[in-house]
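Here are a few exercises to work through with the model open beside you. Try each task before reading its solution.

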Amino acid sequence: MRIDIITVSPELIKSPFEYSIIKRAIDKNLVEVHFHDLRTYALNDYGKIDDYQFGGGAGMVLMIEPIDKCISKLKAERTYDEVIYMTPDAPTLNQQIANTLSLKENIIILCGHYKGVDQRVRDLFITKEVSIGDYVLSGGELGAAVLCDTIIRLIPGVLGDETSALTDSFQDNLLSPPVYTRPSEYKGLKVPDILLSGNFPKIEDWRNEQSFERTKKIRPDLLED
Ligand code: 6GU
């Protein structure tokens, strides 16, 4: 898989790709991530990439021309499955979206900034829009990092234990059950006996029940659909 990220702040988004599971995926060539500084495609030597909005109002809007130049250059080099725009006014990211995107070959992610992008960018180039939740971030970069993390960890070979992504919270619309490790007792707090019993079918039943109870209590909305 190849991910091309277009941003006005490459430095802001790079570090999540330099650690842990995501770094290992890149080192193992399971995914390639390329960052493109939108200012490289600016209209003039001052690096102009945004302007005031027509009709008045506060906040700068990213202009279409630099984005067109960047996306067109990439599209001339290879075919893309999706061109994704990160913005709060979009459907919210969920596990289903991550699962689908993890099967793609090449994707472009455009990070929004300031007041957003000229609507014609969305009309012409964008095939999918994603928000990461009902709150406003200063830019799409953190959202893009979150989206990439959810996608990359699903690529076969990225997680050591092939089955572990399947048992994550949300994979079956349920939250994960509680987990424990040694010691079996800490300051009087005991690990549930069932987990020490060695009875694996019973443990499985207990975990399913805990998942369901936790979901009912913390996220009842997940049980509705
Ligand atoms: Cl992807 N971008 C911005 N700027 N704010 C957000 C978001 C994205 N997702 C939720 N809030």
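Two rings of Phe, Tyr or Trp (the six-membered ring for Trp) pair if their centres lie within 6.5 Å; planes under 30 degrees apart count as stacked, over 60 as edge-to-face, and the rest as tilted. Keep in mind that this is a predicted model.

**Exercise 1. Aromatic pairs**

Task: count the aromatic pairs under this rule, then work out the geometry of phenylalanine 17 and phenylalanine 35.

Solution.
- Step 1: the count comes to 1 aromatic pair.
- Step 2: the ring centres of phenylalanine 17 and phenylalanine 35 sit 5.4 Å apart, and their planes make an angle of 75°, so we call the pair edge-to-face.
- Step 3: place the two partners. Phenylalanine 17 is in the loop between helix H1 (10–14) and helix H2 (20–27), while phenylalanine 35 belongs to strand S2 (residues 32–37), so the pair ties together parts that are 18 residues apart in sequence.
- Step 4: check the cover. Phenylalanine 17 has a relative accessible area of 7%, so it is buried. Phenylalanine 35 comes out at 24%, so it counts as partly exposed.

**Exercise 2. Cysteines**

Task: find how many disulfides the whole structure holds, and explain why cysteine 111 has no bond to cysteine 148.

Solution.
- Step 1: searching the whole structure turns up 0 disulfides.
- Step 2: start from cysteine 111. Its closest cysteine sulfur is the one in cysteine 148, 8.3 Å away, which is too far for a bond; the cut-off is 2.5 Å.
- Step 3: look at it from the other end. Cysteine 148 is in no disulfide either, and its nearest cysteine sulfur is that of cysteine 111.
- Step 4: are these two buried or exposed? Cysteine 111 is buried at 2% relative accessible area, and cysteine 148 is buried at 0%.

**Exercise 3. The ligand site**

Task: describe the shell around the ligand by class, then list the polar contacts made by serine 131, isoleucine 132 and leucine 137.

Solution.
- Step 1: the residues around the ligand include Met86, Thr87, Pro88, Val130 and Tyr135.
- Step 2: sorted by class, the shell has 6 nonpolar, 5 polar and no charged residues.
- Step 3: go through the contacts. An N or O atom in the side chain of serine 131 is 3.4 Å from a ligand nitrogen. For isoleucine 132, a polar backbone atom is 2.9 Å from a nitrogen of the ligand. With leucine 137, a backbone N or O atom lies 3.1 Å from a ligand nitrogen.
- Step 4: finish with the cover. On its own the ligand has 290 Å² of accessible area, and the protein covers 96% of that.

How values were computed:
Residues numbered from 1 in each chain as written. Predicted model: local features only at pLDDT ≥ 70, side-chain atom pairs only at ≥ 80, totals over all residues. Heavy atoms only, no water. Near = heavy atom within 4 Å. Polar contact = N/O pair within 3.5 Å; in protein donor to acceptor, adjacent residues only side chain to side chain. Areas by Shrake-Rupley, 256 points an atom, 1.4 Å probe, with all protein chains shown as cover. Nonpolar A, V, L, I, M, F, W, Y, C, P; charged D, E, K, R; others polar. Helix = DSSP H or I, 4+ residues; strand = E, 2+ residues; numbered from the N terminus. Buried < 20%, exposed > 50% of the residue type's maximum accessible area, 1.4 Å probe, protein only.
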